[in-house]
Amino acid sequence: MLFNVAPLLDGRNQAGIILAVFLGYYIKRRFFTSKKRSGKLKNPFAQDSRSPLTPLVIEQEIRNEILKKAFTKQLATEQKWDAIVIGSGMGGLSSAALLSKAGLKVLVLEKHGKCGGACHIFKEEGYEFDVGIHYIGGFTRQTLDRTLLDQISDGQIQWAQLENNFDRVIVDVMSPTQREYSIPSGRGVWKNQLIERFPEERKAIETFFSMVNKVSRQTKGWIMVKVLPIWLVNLISLFGLPRFLSDFYSLGSRTLNDVIQSLTKNKDLQLLFAYSWGTYAEPPNRSSFALQALLHSHYEEGASYPIGGASEIPYRIVPVIERAGGRVLMKAPVSQILTENGRVTGVRVGNKESSAVDIFAPIVISDAGIHNTFMDLLPENVAKMSPTWPLTNSMKPGIGCLSVFIGLRGTAEELGLKAENLWVFTDSSVEEGFNKIFDGRTLDDVLYKPYPAFFIGFPSAKDPSWESRYPGRSTITVVSFAPYSWVAQWKDLTVKKRGDEYNSLKNAIGQQIIDQVTHLYPDLKNAIDYFSVGTPITNEHYLNAKEGAIYGLEHGIERFSPKQASLLRPETGVEGLFLCGQDVMCCGFVSAMLSGLLCASAVLKTNLFNDLILLHKKVKAASAQSQRNKRD
Ligand SMILES: Cc1cc2nc3c(=O)[nH]c(=O)nc-3n(C[C@H](O)[C@H](O)[C@H](O)COP(=O)(O)OP(=O)(O)OC[C@H]3O[C@@H](n4cnc5c(N)ncnc54)[C@H](O)[C@@H]3O)c2cc1C
């Protein structure tokens, strides 16, 4: 029999089906019926706000007026704010820009001297380095994500596509068996390429990609639990409905390891299915298959890089906030979220009693991450009232990461660098590299040996504007893992003055990694002009990332269960306090941006997803019409 009715007769399932019907009705009424906006509030997506492209602004002084505008008491208090956003990462800027477009006056306060969080850049010895943007999926055509970004940046951010083979995976590096695989762009192309390379594994490959597609088609279920009332999510979960209704939850409740090992015994294929797990820094035995599936579909059509570098992102979004009467101020460390009778009233900037400035607003949005917000900024008695509070204990910060920034003499063309990334593994086991770094071994076990696993990006080769901005120079960035414990002893010392022992340790790691990079690219040896290493405590300093966890909260399998996913939401249960940023959905530029959409929807009590979808359809229709006109 094709369809077995027995499970439907089970009492729990019957109750589940009734609940599903009720739920469908509730969701339709609550989320797909547009509500009238109250008072002065506008629809941020009422019209297409892209304006004709303006040229790239290269002059640093002009850019600094936006990206480095420093906090002063006068600038922060000379007007009344409708909302204050803590942190200028993509989550914070996206929330602020949407609320500004809706008619609110928003103040963004950033601890660091530069705007953008992980989208900020730094310059040293004539080289410019991105901190946290290497490649972004979904921007090679007019997707919904691209429409959202266009609308909060006046359509001024331009994207360059990476090489068709945007990632290369190098296995058994520096050994006689070293081998390489390329990851191509295009729907279904990688699947077909894998089948060609591993014909005996056709079934495993087809099953894997079919599972990936199932998950990525069902992300609505993931987002939905973040907007439904928590009690309702708990009720639905009680009946096991999420798994029943959505492949996101049925497949997402399996670890990545479980899935790949059940599909194939071929070690290289397992590695290829999982090679990019470093993107969210959770090893496959602890991470959800759903997250890896989202990642594969995110990059399926290729990868893009912002022309002009990552700072173009904040540089183009801040004017949208300021045009609406808002302000984005740097060197503004928020030390406290102010409350009165359990309700948020504003924030305090600065630590010292004498110089601290209190700024008031009925709404405070935190892009600073859950641990910072609940453990450091909110008074403990208020924090404990929030349903989110238990997560500060049950979810740890993710693992520590390090970066090596390398400056080279010579153009990308001269040095043979391409718009691509390399994922380098010293063996073919998916997790062995990670285990070597983390499994209780001492630093000496890792140092002076090949670093077990890392990512290499070539930012200057990805940016078509680079050569005009930095003629005759190139850059490479390497990212890998490093336990916080390796460097925690120096965390309280002043940045850049942490002493010889710390410097020699990080230089030793940096040199080891550079030796491996130059093993792959021998011609680069004589071109290296500069290098510096950022450790977990560097990330802690510049991004306020707890324990150097650049991707915020750990991305373990539980994070994608309906229960935990529903607690990671903009509403905090504390009146006036909302969350945005990578802790709300997951790490990644687009997720942080979408967290802003969720957050602004929660603040405005309206469904901005609907409004965005309507505008997106119009934008696509207009662009199709203009294509037709051009052809005629
Ligand atoms: C090395 C690295 C590589 C990455 N590569 C990619 C990539 O290739 N593609 C991709 O899609 N994603 C990538 N990511 C991830 C992506 O950049 C992030 O997930 C996303 O940008 C995070 O945005 P956010 O708003 O959540 O937080 P952040 O960008 O971290 O911003 C949070 C901001 O809040 C500020 N803040 C914190 N506390 C306070 C306080 N008390 N007062 C004032 N300000 C405060 C911080 O200083 C910070 O600026 C990478 C990240 C890193 C670090």
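The following dialogue explains how to read the ligand site and one sheet of a predicted model.

Biologist: What should be known about the model before reading it?

Modeller: In this predicted model, local features need pLDDT of at least 70 and side-chain atom pairs count only at pLDDT 80 or more, while totals for chains, interfaces and linings use all residues. Residues are numbered from 1 along each chain as its sequence is written, and side-chain values use heavy atoms, without hydrogens and water.

Biologist: Which residues come nearest to the ligand?

Modeller: A residue is near a molecule if one of its heavy atoms lies within 4 Å of it. Here 33 residues surround the ligand, and Glu 110, Ala 118, Asp 367, Gln 582 and Gly 588 come nearest.

Biologist: Which N or O atoms lie 2.6 Å and 2.8 Å from an oxygen atom of the ligand?

Modeller: A polar contact is a pair of N or O atoms within 3.5 Å. A side-chain N or O atom of Gln 582 is 2.6 Å from a ligand oxygen, and a backbone N or O atom of Ala 118 lies 2.8 Å from an oxygen atom of the ligand.

Biologist: How is the open sheet of three strands ordered?

Modeller: Strands of a sheet pair through backbone hydrogen bonds, either parallel or antiparallel. Strands are DSSP runs (E, at least two residues), numbered from the N terminus, and two of them pair if DSSP finds at least two bridges between them. The order here is β5-β9-β6, with antiparallel pairing. β5 (136-137) and β6 (159-161) are at the edges with a single partner strand each, so one side of each has no neighbour in the sheet. β5 is joined to β9 (residues 303-306) by two bridges; Ile 136 has Ser 304 in β9 as its bridge partner.

Key:
Polar contact = N/O pair within 3.5 Å; in protein donor to acceptor, adjacent residues only side chain to side chain. Helix = DSSP H or I, 4+ residues; strand = E, 2+ residues; numbered from the N terminus.
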